[in-house]
Amino acid sequence: MSDLLPPCPACASAYSYQQDALLICPECGHEWAASEAGAGETAAEVRDSVGNLLQDGDTVTLIKDLKLKGASSTLKVGTKVRGIRLVEGDHDIDCRIAGVGAIGLKSQFVKKVMG
């Protein structure tokens, strides 16, 4: 089998299949062009404040108090964030924090929890 298909970029499922010019994931329903398959591999690495490589699903802690825009609350140092998702744009991380909701964080303000 020399023509192995890449895993799904959305959920990392290994069960992707090709239909015409599209690759399809049967687990999450994500569809992407076969020409985009190699593009995900060249994405920039995202590193935390001390240089550890971050991946989707990692747990991180905040290293600095962060004021939330549009709210009067502050995220405190040491707040643990589980199950991060790496994205491209003005912030590196999409996550959900209990009591706050969904927010975007920059990787320079977090440290990966090892173990």
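**Close-up views of a predicted all-strand chain**

**View 1. Three strands form an open sheet in the order 8-9-10.** The pairing in this sheet is antiparallel. The model shown here and in every other view is predicted. Strand 8 (85-86) and strand 10 stand at the edges. Each of these two has a single partner strand, so one side of each is left without a neighbour in the sheet. Strand 9 and strand 10 pair in the antiparallel sense over 5 bridges. One pair to look for is Ile-93, which stands opposite Leu-105 in strand 10.

**View 2. Ile-93 and its contacts.** Ile-93 touches several residues that lie more than four places away in sequence. Among them are Leu-54, Ile-84, Arg-85, Leu-86 and Val-87. Ile-103, Gly-104, Leu-105, Ser-107 and Val-110 are also touched by Ile-93. Leu-105 thus appears twice: as a contact of Ile-93, and as the residue opposite Ile-93 in strand 10.

**View 3. The largest nonpolar core holds 15 residues.** Which of its members touch the most others? They are Leu-75, Val-81, Ile-93, Cys-95, Leu-105 and Val-110. Three elements give two or more residues to this core: strand 4 (60-62), strand 9 (93-97) and strand 10 (101-105). Strand 9 provides the largest share, 3 residues. In soluble globular proteins, nonpolar side chains tend to be buried together.

**View 4. A second open sheet has the strand order 1-2-3.** Its 3 strands pair in the antiparallel sense. Strand 1 (17-19) and strand 3 (31-33) are the edge strands, and each pairs on one side only. Neighbouring strands of this sheet are turned by 35 degrees against each other on average, direction ignored. Strand 1 and strand 2 (residues 22-24) are joined by 3 bridges in the antiparallel sense. Gln-19 has Leu-22 as its bridge partner in strand 2.

**View 5. Asp-20 sits in the loop between strand 1 and strand 2.** Its phi is near 55 degrees, a positive value in a residue other than glycine. Most residues other than glycine have a negative phi. Is Asp-20 buried or exposed? Asp-20 is exposed, because its relative accessible area of 72% is over the 50% cut-off.

**View 6. Ala-12 lies in the segment before strand 1.** Ala-12 also has a positive phi without being a glycine, with a value near 65 degrees. At 57% relative accessibility, Ala-12 counts as exposed.

**View 7. Cysteines without disulfides.** How many disulfides does a search of the whole structure find? The search finds 0. Cys-8 is in no disulfide. The nearest cysteine sulfur to that of Cys-8 belongs to Cys-28 and is 3.6 Å away. A disulfide needs two cysteine sulfur atoms within 2.5 Å, so a distance of 3.6 Å does not qualify. Cys-8 is buried, with a relative accessible area of 3%. Cys-25 is likewise in no disulfide. For Cys-25, the nearest cysteine sulfur is that of Cys-11, 3.6 Å away. Cys-25 is buried too, at 1% relative accessible area.

**View 8. Lys-80 is placed in strand 7 (residues 80-81).** Lys-80 is partly exposed, with a relative accessible area of 41%. Which residues does Lys-80 touch, leaving aside those up to four places away in sequence? They are Thr-59, Val-60 and Thr-61. Ser-49 is 31 residues from Lys-80 in sequence. In space, the two are 15 Å apart, C-alpha to C-alpha.

**View 9. The whole chain, for orientation.** The chain has 0 helices and 11 strands. From the N terminus on, the elements run β-β-β-β-β-β-β-β-β-β-β. The C-alpha atoms fill a box of roughly 50 × 30 × 25 Å, taken along the principal axes. The radius of gyration of the chain is 17 Å, whereas a compact globule of 115 residues would have one near 13 Å. Buried residues make up 25% of the 115 residues. Among contacts between residues at least 6 apart in sequence, 36% join residues at least 24 apart.

How values were computed:
Residues numbered from 1 in each chain as written. Predicted model: local features only at pLDDT ≥ 70, side-chain atom pairs only at ≥ 80, totals over all residues. Heavy atoms only, no water. Core = buried A, V, L, I, M, F, W, Y, C linked by side-chain atoms within 4.5 Å. Buried < 20%, exposed > 50% of the residue type's maximum accessible area, 1.4 Å probe, protein only. Helix = DSSP H or I, 4+ residues; strand = E, 2+ residues; numbered from the N terminus. Contact = heavy atoms within 4.5 Å. Pairing = 2+ DSSP bridges. Axes fitted to C-alpha atoms, helices over the stretch in contact; angles between N-to-C directions. Rg over C-alpha atoms; globule rule 2.2 N^0.38 Å.
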